[in-house]
2 protein chains.
Amino acid sequence: MSSPSPKFELFTRFAEVGKALGNSHRLVILELLAQRERSVDDLASAARLSVANASQHLRLMRKVGLLVSRRNGAHILYRVNDPAVLDLVAALHRVGERNVAEVREIVGGYFRERDALEPVSRQELSRRMRDGLVTVLDVRPEDEFDAGHLPQAINAPLRELEKQLRDLPKDRDVVAYCRGPYCVFAFEAVALLRQHGFSARRLEDGFPEWKASGLPVD
Amino acid sequence: MSSPSPKFELFTRFAEVGKALGNSHRLVILELLAQRERSVDDLASAARLSVANASQHLRLMRKVGLLVSRRNGAHILYRVNDPAVLDLVAALHRVGERNVAEVREIVGGYFRERDALEPVSRQELSRRMRDGLVTVLDVRPEDEFDAGHLPQAINAPLRELEKQLRDLPKDRDVVAYCRGPYCVFAFEAVALLRQHGFSARRLEDGFPEWKASGLPVD
DNA sequence: AAACTATTCAACATAATTATTGAATGGCAT
DNA sequence: ATGCCATTCAATAATTATGTTGAATAGTTT
């Protein structure tokens, strides 16, 4: 344990990964990239960052192994390549959610009031989909839907959801999902659906978690 | 997503947890506290930090929910209270190990050369312990052993291992473990045991992982 | 080859983190 | 109460992170 031991150097590398997770903009980018591959300027506008700044964040995350990139024509596309990264982000969210007092307030004050009912678990939704008893609604933007979604899911981005309501069968429960457990789209969609008389709940988390757990995707 | 949305604030909290993981000294402290509860000055000397500095690191980790503390007489004792934190640290190590190129070099250059054989998995060790075919060696310091260890394990801190060698049966395999997958003690112990003619391997990870996976402890 | 475009780099100002020092707090024991 | 000890706080200096700007690069398209 004297001077920089090999073990301490390892821990220094691990700490670099931690540092890379230590910025909210980067966590937003990570969530976006958990949905699908995206180019730098695409990400920059989605995360409301300058291109140069987004590029720097991306470079850092690639350096510590959270992301990989490839060239496609004029664009450089980044993505999350390692399922272990999704585990890591999920674990981070879990600890954050459970333990940070202020987070509890935000979760309680904003999210819970829009979702009196408990969310649906992946297993439960999977079972009810087999029985054909449920309408599955993907409320993410169309591009993310196209890059992969739950089987039988209907894409209904929030802005267009109101128009699509008439096409949904009223006699079936609706389960809405989006990017992940803290994605506001699903909460808003459930609120809107209930206003219009639907029996609606949200999936406990989002598409990346569904896919990572080995359940089928289209 | 306009201005500080509730979701972005949540991500800011998550990022604070990430930041707390973004320092190698704090990761060392976390590993120590994954073994057992410890006081501030105890930790400070174990991690080779000043007391004031250790106190600051501990306060930060407590703030974001990685640690909790309680008073015991004149001392304040810190510990890891939430199993989700162990998951998080494990996920961090996994990503770091898999993806950071320099880590691979360190692992390859230092650890692997001391451990030609593959480590033993928890399941394998558990099975062989049931069959009574193996000597289990806990090479952590005595205080950590006393706070909890694998059933039937013999405590042999590295410094005393050489003296204890004569008491170990030579006809049985030895499996050594310590604090976690990157704890040097187990590597050193295996090297020493092999020098003395034992058939020795190390457990793939350490005591906290064993305990967290629900296996029995003494 | 030239013009174009997406991305990265470099330099900078600002802000945050880190470790140190020494002082302050607040239980505990005499 | 008084002194003692472990811990925390406050102030500081050095280091590192962040986001902007504008320029450089490198690959594509015309």
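This passage describes the DNA-contacting surfaces, the largest cavity and one sheet of a predicted model. Local features required a pLDDT of at least 70 and side-chain atom pairs a pLDDT of 80 or more, whereas totals for chains, interfaces and linings use all residues. Residues are numbered from 1 along each chain as its sequence is written, chains are lettered from A and ligands numbered from 1 in the order in which they are written, and side-chain values use heavy atoms, with hydrogens and water left out.

The surroundings of DNA strand D were examined, a residue being near a strand if one of its heavy atoms lies within 4 Å of it. There are 22 residues around DNA strand D, of which His57(A), Asp41(B), Ser55(B), Arg59(B) and Tyr78(B) come nearest. Of the atoms of this strand that come within 4 Å of the protein, 81% belong to sugar and phosphate. Polar contacts are pairs of N or O atoms within 3.5 Å; within protein, one must be able to donate a hydrogen and the other to accept it, and residues adjacent in sequence count only if both atoms are side-chain atoms. In chain B, a backbone N or O atom of Asp41(B) lies 2.9 Å from a phosphate oxygen of DNA strand D, and a backbone N or O atom of Val40(B) is placed 3.2 Å from a phosphate oxygen of that strand. From chain A, a polar side-chain atom of Asn53(A) is found 3.4 Å from a sugar or linking oxygen of DNA strand D. The surface near DNA strand D comprises 7 nonpolar, 10 polar and 5 charged residues, where Ala, Val, Leu, Ile, Met, Phe, Trp, Tyr, Cys and Pro count as nonpolar, Asp, Glu, Lys and Arg as charged, and the others, Gly among them, as polar.

DNA strand C is surrounded by 21 residues, and the closest are Asp41(A), Ser55(A), Arg59(A), His25(B) and His57(B). Sugar and phosphate make up 76% of the atoms of DNA strand C that come within 4 Å of the protein. Tyr78(A) places a polar side-chain atom 3.0 Å from a phosphate oxygen of DNA strand C, while a polar side-chain atom of His75(A) lies 3.4 Å from a sugar or linking oxygen. By class, the surface near DNA strand C has 7 nonpolar, 10 polar and 4 charged residues.

Cavities were sought on a 1 Å grid over the protein atoms alone, a cavity being a set of points where a 1.4 Å probe fits but cannot get out, with lining residues having an atom within 4 Å of a point. Grid points are joined across faces, edges and corners, and a volume is the space filled by probe spheres set on the points. The count is 1 cavity of 30 Å³ or more, and the largest cavity has a volume of about 170 Å³. Its lining has 16 residues, the closest to the centre being Glu31(A), Ala34(A), Leu86(A), Val89(A) and Glu209(A). Domain 1 (6-82) and domain 2 (117-212) of chain A both contribute to the lining, so the largest cavity lies between them; these bounds come from an automatic or database domain assignment.

In chain A, 4 strands form an open parallel sheet in the order 5-4-6-7. Strands (E, at least two residues) are DSSP runs numbered from the N terminus, and two strands pair if DSSP finds at least two bridges between them. Strand 4 (residues 134-138) and strand 6 (residues 173-177) of chain A pair over 5 bridges.

Note on methods: 1 Å grid on protein atoms, 1.4 Å probe; cavity = no way out; pocket = protein on both sides within 12 Å on 5 of 7 lines; lining within 4 Å.
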